[in-house]
Amino acid sequence: MSAIPLDYEVLRLIWWALLGILLMGFAVMGGMDLGMGALLPFVARTDDERRVMLNLVGPTWEGNQVWLVLGGGAIFAAWPAIYAASFSGFYIAMIAILLALILRPVGFKFRRKIDNPTWRSVWDWALFVGGFVPAVVFGVAVGNLFVGVPFHLDDTLRTSYEGNFFQLLMPFPLLAGLLSLAMLLTMGAVVIAARTTGPVAERARIYGRWAAAATVVLFVLGGVVTLFLLSGFKVTSVQDVFGPSNPLGKTVVLEQGAWRANYTSMPWTIVAPVLALIGSVVAYLSLELRMKVLGILGASLAIVGIISTAGLSLFPFLMPSSVDPQSSLTVWDASSSQMTLFIMLCATILFLPIVLGYTAWVYRVMRGPVTTASLNRNPNAY
């Protein structure tokens with residue numbers, strides 16, 4: 001009898017759900033920063049307005065990156081096969097994201113070093129790149145999961161990647177990238193509108209409404225393409241949900257409409273896309289009606305719904321292979337050992353509430369509007 005109180009199947013499902021939760025946490029918390037960075041040159045047009053924007057992001061962006069670190073750590077420890085395949089296959093994309101993210105702290109620190117319009121404009125656009133590029137590339141990466149990633153496993157389960165960076169930029173992944181951008185622009189806009197005043201808030205409401213509307217259109221378009229036009233992956237053999245991780249121990253085929261299977265067998269999953277649409281509509285209406293808190297809740301709900309839709313559509317696949325479907329990685333054959341998952345779960349139960357607690361405390365301390373007057377009273381402002 002196993003000394004571990006949870007079955008291997010249950011632990012795998014828990015870590016699949018936790019991975020989704022960590023991705024949602026980053027998309028909501030980090031999405032505020034990415035969205036505001038991408039909107040910076042357009043919403044704020046004077047130096048004072050851009051300083052207001054920077055001081056919305058500056059005090060909290062480092063803490064928000066904890067969710068990205070947690071997500072990467074979870075993939076490394078709980079899903080090592082996913083980590084190996086994705087970080088090798090998406091290597092150039094990962095480098096692009098990291099370089100863009102590095103521009104943010106550099107931009108924050110260097111922008112105020114010299115009081116020169118040209119100097120500051122350069123760093124403003126660097127901050128734009130730091131928000132725009134990750135927002136698009138993250139979506140492109142998720143879109144590639146639906147069409148399959150060109151990798152295969154040999155007899156020793158070593159990963160070989162057969163594609164290149166430009167192969168990732170197919171039409172459907174690009175559509176997913178635009179959806180990700182629109183989703184995060186909406187998130188950034190509702191935060192700007194809620195915590196600023198005057199022209200900055202007004203412009204944020206305009207751009208936010210456009211972004212929310214684009215989110216709805218792109219999400220519906222992506223859903224139609226996924227459900228009715230894309231060939232999906234389907235496991236045709238029986239998988240041992242309690243067995244050791246061995247991706248080559250199953251049979252997978254490509255089948256038209258396979259991504260609809262979970263919505264047919266588990267009708268409750270329709271809740272996810274419905275939440276995505278409701279959240280986007282709520283965000284749009286809240287920006288129109290100047291309902292600040294409701295706008296943030298609506299944009300957050302849209303993010304949760306969109307990511308949940310992707311995860312539930314793919315389940316049990318985590319990373320399908322387009323060149324060798326049998327090598328596709330699933331929830332049941334790509335995880336760490338039962339003991340590893342259990343120990344990590346215990347650590348997560350201990351530390352995740354701490355992360356949530358200090359995040360809530362920081363945002364409570366930093367609550368309230370940011371204005372030019374408040375910046376002039378703060379000698380440490382950006």
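## Exercises on a predicted chain

The chain exposes about 17,500 Å² (Shrake-Rupley method with a 1.4 Å probe; for residues, only the protein chains shown count as cover), and carbon and sulfur atoms supply 72% of that area. This is a predicted model, in which local features need pLDDT of at least 70 and side-chain atom pairs count only at pLDDT 80 or more, while totals for chains, interfaces and linings use all residues. Residues are numbered from 1 along each chain as its sequence is written, and side-chain values use heavy atoms, with hydrogens and water left out.

**Exercise 1.** Find what share of the 382 residues of the chain counts as buried.

*Solution.* Begin with the cut-off: buried means under 20% relative accessible area, with a 1.4 Å probe and protein chains only. Applied to the 382 residues of the chain, this gives 50% as buried.

**Exercise 2.** Determine which residues touch the most other members of the largest nonpolar core, and which helix gives its largest share.

*Solution.* First, a nonpolar core is a set of buried Ala, Val, Leu, Ile, Met, Phe, Trp, Tyr and Cys residues joined through side-chain atoms within 4.5 Å. Next, the largest such core holds 98 residues, of which Trp15, Trp79, Ile192 and Met319 touch the most other members. Finally, helix H1 (residues 8–43; helices are DSSP runs of H or I, at least four residues, numbered from the N terminus) gives the largest share, 18 residues.

**Exercise 3.** List the residues that Ile192 touches, not counting residues up to four places away in sequence.

*Solution.* Taking contact as heavy atoms within 4.5 Å, one finds Met36, Leu39, Val43, Met53, Leu56, Val200 and Ala204 touching Ile192.

Note on methods
Helix = DSSP H or I, 4+ residues; strand = E, 2+ residues; numbered from the N terminus.
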